[in-house]
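Please open the model in your viewer and keep the selection tool at hand. The tour below proceeds stop by stop, stating what to select and what is found there.

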Amino acid sequence: MKTNPKVAIVGGGRFGLTLADALSGNGIEVILVDKKWEIVQSLADSSIHAVQGDATNPDVLRDAGFADCDIAVIAIGESLEASTLATIHCKDLKIPRIIAKADSTVQGRVLSRVGADNVVFPDRDRAYRLASSILHRDPIDFFAIAEGYSVTEIPVPADIVGKTLVQGNVRQAYGLTVLAIRRLTGERNSPRIPVIATGTEILRSDDLLVVFGSDKSIAALSD
């Protein structure tokens, strides 16, 4: 495979657009097909070649240039029928590697059987990575859980230092749910330890909170 493969993406949802943006930002040529004209229009000034069309129609993929691509990503996991047909069409176009997004184990099995070389489960994998980060005391990254909602790590707001989560009224005051507290042990170079958020734990100024909430609430607290 070439050093810089040409990538075809079916679906301009959050997963597909984020992938397309990340790839094109690193110099990868990307073709994206989506049924919605507004999504295609939103990419007009980008380096992504966006085409409006129904990916369940093989002619749409062929005309968009999918046959010349090295990798195809089927990013429409919401519809089993659509993702299955798109996978079959990409296979028929002899694209060397096909990666399909799935929302369930059953869907993943179907996609594998009809030709997907790899199946990814973005929501499940994000949840596993988050659990691993908490258990292994690693820094928490920003995880998009659903459209407009995420899990991330923030410092304790100054006005609730010395209070419990209940006293600080975090959920009502900030619109965020605290999943865990990551606390320094006091030993030099030691990793933070996870503390289960019971609501009675006194918050310290150097604590970090693992929170879930809307992106707007997280952004407002970070400003």
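A residue is called buried under 20% relative accessible area, exposed over 50%, and partly exposed in between, using a 1.4 Å probe and protein chains only. The model is predicted, so local features need pLDDT of at least 70 and side-chain atom pairs count only at pLDDT 80 or more, whereas totals for chains, interfaces and linings use all residues. Residues are numbered from 1 along each chain as its sequence is written, and side-chain values use heavy atoms, with hydrogens and water left out.

**Stop 1: Lys-36**

Select Lys-36, which is partly exposed because its relative accessibility is 49%. Lys-36 belongs to the loop between strand 2 (30–34) and helix 2 (37–42). Here and below, helices (H or I, at least four residues) and strands (E, at least two) are DSSP runs, numbered from the N terminus. Now add Gly-12 to the selection: the two residues are 24 residues apart along the chain, and their C-alpha atoms are separated by 8.2 Å.

**Stop 2: Ile-71**

Move next to Ile-71, in strand 4 (residues 71–74). Is Ile-71 buried or exposed? Ile-71 counts as buried because its relative accessibility is 9%. Select Val-7 as well: Val-7 and Ile-71 are 64 residues apart in sequence, yet the C-alpha to C-alpha distance is 4.9 Å.

**Stop 3: a salt bridge within one helix**

Side chains of opposite charge can pair when their charged atoms come close. A salt bridge is defined as a side-chain nitrogen of Lys or Arg within 4 Å of a carboxyl oxygen of Asp or Glu. How many salt bridges does a search of the whole structure find? The search finds 6.

Select Asp-59 and Arg-62 to see one of them, with the closest N and O atoms 2.9 Å apart. Both residues lie in helix 3 (residues 58–64), 3 residues apart, which is about one turn of the helix. Asp-59 is partly exposed, at 44% relative accessibility, and Arg-62 is also partly exposed, with a relative accessible area of 44%.

**Stop 4: the network around Arg-183**

Select Arg-183 and Glu-201, whose side chains meet in a salt bridge with an N to O distance of 2.7 Å. Arg-183 lies in strand 9 and Glu-201 in the loop between strand 10 (193–196) and strand 11 (208–214), so the pair ties together parts that are 18 residues apart in sequence. Arg-183 is buried, at 4% relative accessibility, whereas Glu-201 is partly exposed, at 28%.

Add Asp-207, which forms a salt bridge with Arg-183 (2.6 Å, N to O). This pair links distant parts of the chain, 24 residues apart: Arg-183 is in strand 9, and Asp-207 is in the loop between strand 10 and strand 11. Asp-207 counts as buried because its relative accessibility is 1%. Through salt bridges that share partners, Arg-183, Glu-201 and Asp-207 are joined into one network.

**Stop 5: two backbone angles**

Most residues other than glycine have a negative phi, and most peptide bonds are trans. Select Lys-94, whose phi is positive, near 60°. Lys-94 sits in the loop between helix 4 (80–92) and strand 5 (97–101) and is exposed, at 69% relative accessibility.

Then select Asn-169, where phi is also positive, near 55°. Asn-169 is in the loop between helix 7 and helix 8 and is partly exposed, at 37% relative accessibility.

**Stop 6: the second largest pocket**

Keep Asn-169 selected, since this residue is also part of a pocket lining. On a 1 Å grid over the protein atoms alone, a pocket is an open set of points where a 1.4 Å probe fits, with protein on both sides within 12 Å along at least five of seven lines; lining residues have an atom within 4 Å of a point. The second largest pocket has a volume of about 190 Å³, where grid points are joined across faces, edges and corners, and the volume is the space filled by probe spheres set on the points.

Extend the selection to other lining residues, including Leu-165, Arg-171, Val-178 and Thr-198. Helix 7 (165–168), helix 8 (170–174) and strand 9 (176–183) each supply at least two residues of this lining. By class, the lining has 6 nonpolar, 5 polar and 1 charged residues; Ala, Val, Leu, Ile, Met, Phe, Trp, Tyr, Cys and Pro count as nonpolar, Asp, Glu, Lys and Arg as charged, and the others, Gly among them, as polar.
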